[in-house]
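Here's a quick tour of one protein model, helix by helix. Have the viewer open and follow along.

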Amino acid sequence: MSKTLILVLGFDLLMLAAFMFVPIMRGEDAFFGVRVSSETYRNEGRRLLHRYWLWLFLIFIQIEAIGLLVSFYKGRTEFAQVAPRFLFLPCVMLFYVIFYRQAKRLELVEEHQRFASSLKTRHLSDYTNLALEIIIVLLTIAPVLVLVYSYPQLPERIPTHWNWKGEPDEWANKSYYAVFSIAAMLVYMQGLLLMIKHGLLGVKMTLPAEHAETYLRLKEASLTMTIRFMDWMRLLLCILLGGLATKVVFITVEPLRFMSKIVTVAAWASTLLMFVAIAILIYRFYAIDRRLKSEVGRVYVQRQR
């Protein structure tokens, strides 16, 4: 099993665990993002949660099965093994929205609750580090340019699979599919994460009438933290996938062979940093929730529609 496949499988397992945990992270205060009563949370909400978990598990099994089938029929290229598994994140996000709509009918209606609305207009530029964006764009485009320039120089047999040490253990005939597939996947992932970032910034925030300023400040801090996390994940993805995409050049073109070891080290380092970043994000989310609970008395507010 290639290191790329191990990494993507680990990422999918991490996403599976995260999406299983997210609906209950804040208990009845934000069950699928909806405030429900304690009784509903323990009874009907629990049954809804179990159905959600079952569907997530089935999606995971189906995506992995599709990946194995594509890999079998397309040969053991990195792209054939990995690409189908990148369907997992969009699929689980879609199912989360579906179950959110089912949880919405369980919402606890507070008849005399007063609400406030933030007058702040979010602009993408306010949540964007220009220097970091330039680096991400360059690291996304650079692998494509390197592959385009080096394609005529590549031999007719190229490596398509590497072990955990970064050494090639599978070879195939040169083709556009084999050479450019991982670079195309990198561009796709950057576009998907940018769309998610834009969607997060467009979410309207409802505030409690009491302690509205404190609630807004902590919620905006949570949003800023999430956006920064996504930006750094985009950078790490550039390093990981961009390095793997250009590895075929660094292995087969003699003057650049010394870069192969550097790319392997960078790939493992970026993977480790991803897991560290996720752990830090979860810890900081809990810290903000504790402050909301102590200073405002609740961690989630939603206006009845």
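What follows is a short report on this predicted model, starting with the overall layout and then moving to a few helices.

## The overall layout

The protein chain is built from nine helices and four strands. Read from the N terminus, the order of elements is α-α-α-α-α-β-α-β-β-α-β-α-α.

Of the 305 residues in the protein chain, 46% are buried. As for how the chain meets itself, take the contacts with a separation of 6 or more: 78% of them come from residues 24 or more positions apart.

## Helix α7

Start with α7, which covers residues 176-201. Does its length add up, or what should its 26 residues span? At 1.5 Å a residue the expected figure is 38 Å, and the end C-alpha atoms sit 37 Å apart, so the two agree. There's a bend on the way, of about 30 degrees, at Ile182. The N-terminal end of α7 has a cap too: Ser175 places a side-chain oxygen 3.1 Å from the backbone nitrogen of Ala178.

Val179 is another α7 residue to click on. Its relative accessibility is 2%, and because anything under 20% counts as buried, Val179 does too. Setting aside neighbours within four places in sequence, Val179 is in contact with Leu147, Tyr151, Leu154, Ile158, Lys174 and Ala245. Thr246 is 67 residues from Val179 along the chain, yet their C-alpha atoms are separated by 8.5 Å.

## Helix α8

Next comes α8, spanning 212-252. The same kind of length check works here: 41 residues at 1.5 Å each should span 60 Å, and the end C-alpha atoms are 61 Å apart, which agrees. Even so, α8 has a kink of about 40 degrees, centred on Thr246. That's the Thr246 whose C-alpha atom is 8.5 Å from that of Val179, a residue of α7.

Is α8 largely enclosed or largely open? It is largely enclosed by the rest of the structure, because 33 of its 41 residues are buried. Lys247, also in α8, is a clear case of a buried residue, with a relative accessible area of 0%. From Lys247 to Ile262 is 15 residues in sequence and 9.9 Å in space, C-alpha to C-alpha.

## Where Lys197 and Asp231 meet

Now for a charged-looking spot worth zooming in on. Lys197 belongs to α7 and Asp231 to α8. What joins the side chains of Asp231 and Lys197? A polar contact of 3.2 Å does. Asp231 has a second partner in Arg234, with a side-chain polar contact of 2.9 Å.

Neither end of the α7–α8 pair is out in the open: Lys197 counts as buried at 2% relative accessibility, and Asp231 is buried as well, with a relative accessible area of 4%. Leaving out residues up to four places away in sequence, Lys197 touches Leu124, Tyr127, Thr128, Glu133, Ile227, Met230, Asp231 and Arg234. On the same kind of count, the contacts of Asp231 are Tyr127, Leu132, Glu133, Ile136 and Lys197. Tyr127 and Glu133 turn up on both lists.

## The second largest pocket

Which residues lie nearest the centre of the second largest pocket? They are Arg228, Phe229, Trp232, Ala277 and Arg284, out of 13 residues that line it. The volume of this pocket is about 330 Å³.

Two helices, α8 and α9 (259-295), each supply at least two residues of that lining. The biggest share comes from α8, with seven residues.

## A last look at α9

Finish with Lys293, found in α9. Its relative accessibility of 43% makes Lys293 partly exposed, because that value falls between the 20% and 50% cut-offs. Lys293 and Tyr215 are 78 residues apart along the chain, and their C-alpha atoms are separated by 9.9 Å.

Note on methods. Residues numbered from 1 in each chain as written. Predicted model: local features only at pLDDT ≥ 70, side-chain atom pairs only at ≥ 80, totals over all residues. Heavy atoms only, no water. Expected span 1.5 Å × (residues − 1). Bend = angle between axes of the 7 residues up to and from the residue. Polar contact = N/O pair within 3.5 Å; in protein donor to acceptor, adjacent residues only side chain to side chain. Buried < 20%, exposed > 50% of the residue type's maximum accessible area, 1.4 Å probe, protein only. Contact = heavy atoms within 4.5 Å. 1 Å grid on protein atoms, 1.4 Å probe; cavity = no way out; pocket = protein on both sides within 12 Å on 5 of 7 lines; lining within 4 Å. Points joined across faces, edges and corners; volume = space filled by probe spheres on them.
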